[in-house]
Amino acid sequence: MAKLGKRTRTAREALAGKENVTVEEAVSLIKANANAKFDETVEIAMNLGVDTRHADQMVRGVIGLPNGTGKTMRVAVFARGAKAEEAEAAGADVVGAEDLMETVQGGTIEFDRCIATPDMMPIVGRLGKVLGPRNLMPNPKVGTVTMDVAQAVKDAKGGQVQFRAEKGGVVHAGVGKASFDEAKLVENIRAFVNAVSKARPAGAKGTYMKKVSLSSTMGPGVSVAIDSANAE
């Protein structure tokens, strides 16, 4: 077993015995132990009582965090003509059609969110094996296949977060930076948890939210009381 560094040992000791705490206490603990040389991301992981192998138990959605993510989002848009111009004017980082498809096929993916107009989907569809595993495939259910590309770009740049249950029913996302005020992090966390709660699929049976944990990029996790995290 690898020997833990001093910083990691100190962080773990600070969180020892801290389980099912309130969101406020969890945020305070995480901020106090986020001592990396960069502004760490505060991350949330939620274990849900769903089996993603069944279509009626898939959890997927999008939420605009009230205080943003603190991350600079690079946005690519597949569009032509006037819609391409709209995307560029809205601040898209990469705009194209067949040329952008060839770039992505060549292995260059310099964006964090992908948006497309409906007429571009036959082109984008060829990139499923490349974009799908990276959770970058445009999807009308989360507003990334749309004619209103300008608004989609603004939403992505403004702190919108997509979520999707992965294997094992785990949903995770970044909900802000360790440098954020505690109150802003708490507000973001509750907004995210409430969005996942409202996205409960019809096929989910029994306990939906099983566990909620928070951590920073380089720090250990702390479990949060579900009632505290899901407070409206």
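Q: What makes Lys-167 count as exposed?

A: Its relative accessibility comes out at 80%, and exposed means over 50%, so Lys-167 earns the label. Keep in mind that this is a predicted model. Lys-167 is found in the loop between β6 and β7. The C-alpha atom of Lys-167 is separated by 8.1 Å from that of Arg-53, although the two are 114 residues apart along the chain.

Q: And why is Gln-57 called buried?

A: Here the relative accessibility is 15%. The cut-off for buried is under 20%, so Gln-57 counts as buried. Gln-57 lies in a loop too, the one between β1 and β2 (60-64). Leaving aside residues up to four places away in sequence, Gln-57 touches Gly-49, Val-50, Asp-51, Pro-201, Gly-203 and Ala-204.

Q: How do you know that the buried residues of α7 line one face of the helix?

A: Start with who they are: in α7 (residues 149-157), the buried ones are Val-149, Ala-150, Ala-152, Val-153 and Ala-156. Look down the axis of α7 and these residues fall within an arc of 165°, so they line one face. As a rule, an α-helix has 3.6 residues a turn, so residues three or four places apart point the same way.

Q: What covers those buried residues of α7?

A: The cover includes β3 (75-78), α3 (81-90), β5 (113-116) and β6 (160-164). Just past the helix, α7 is followed by Gly-159, which has a positive phi, near 110°.

Q: Why is α3 called roughly parallel to α7?

A: Check the angle: the axes of α3 and α7 cross at roughly 25° and come within 8 Å. Angles under 35 degrees count as roughly parallel, so that is the name for this pair. On the α3 side the contact is made by Lys-83, Glu-86, Ala-87 and Ala-90, and on the α7 side by Val-149, Ala-150, Val-153 and Lys-154. As for handedness, α3 passes α7 in a right-handed crossing.

Q: What makes α2 and α8 oblique to each other?

A: Helix α2 (residues 23-32) and α8 pack at an angle of about 125°, with 10 Å between their axes. Roughly perpendicular covers 65 to 115 degrees and roughly antiparallel needs over 145. The angle of about 125° fits neither range, so the pair is oblique. The crossing of α2 and α8 is right-handed. At the contact, Val-23, Glu-24, Val-27, Ser-28 and Lys-31 in α2 meet Glu-182, Leu-185, Val-186, Ile-189 and Arg-190 in α8.

Q: How do you know that β1 and β8 are paired strands?

A: Count the bridges: 7 of them join β1 (residues 41-48) to β8 (residues 209-216). Pairing takes at least two bridges, so these strands qualify. The two run antiparallel, and Glu-43 stands opposite Ser-215 in β8.

Q: What makes β7 and β9 the edge strands?

A: The open sheet has 4 strands in the order β7-β1-β8-β9, with antiparallel pairing. Both β7 (170-177) and β9 (222-224) pair on one side only. From one strand to the next, the twist averages 25°.

Q: Which strands does helix α8 lie across?

A: Helix α8 (residues 182-198) lies across β1, β7 and β8, and runs at about 155° to β7.

How values were computed
Residues are numbered from 1 along each chain as its sequence is written. This is a predicted model: local features need pLDDT of at least 70, side-chain atom pairs count only at pLDDT 80 or more; totals for chains, interfaces and linings use all residues. Side-chain values use heavy atoms; hydrogens and water are left out. Axes are lines fitted to C-alpha atoms, for helices over the stretch in contact, and angles run from 0 to 180 degrees between N-to-C directions. Contact means heavy atoms within 4.5 Å. Buried means under 20% relative accessible area, exposed over 50%, partly exposed in between (1.4 Å probe, protein chains only). The arc is that of the directions from the helix axis to the C-beta atoms. A crossing is left-handed if the near helix is turned anticlockwise from the far one by less than a right angle, and right-handed if clockwise.
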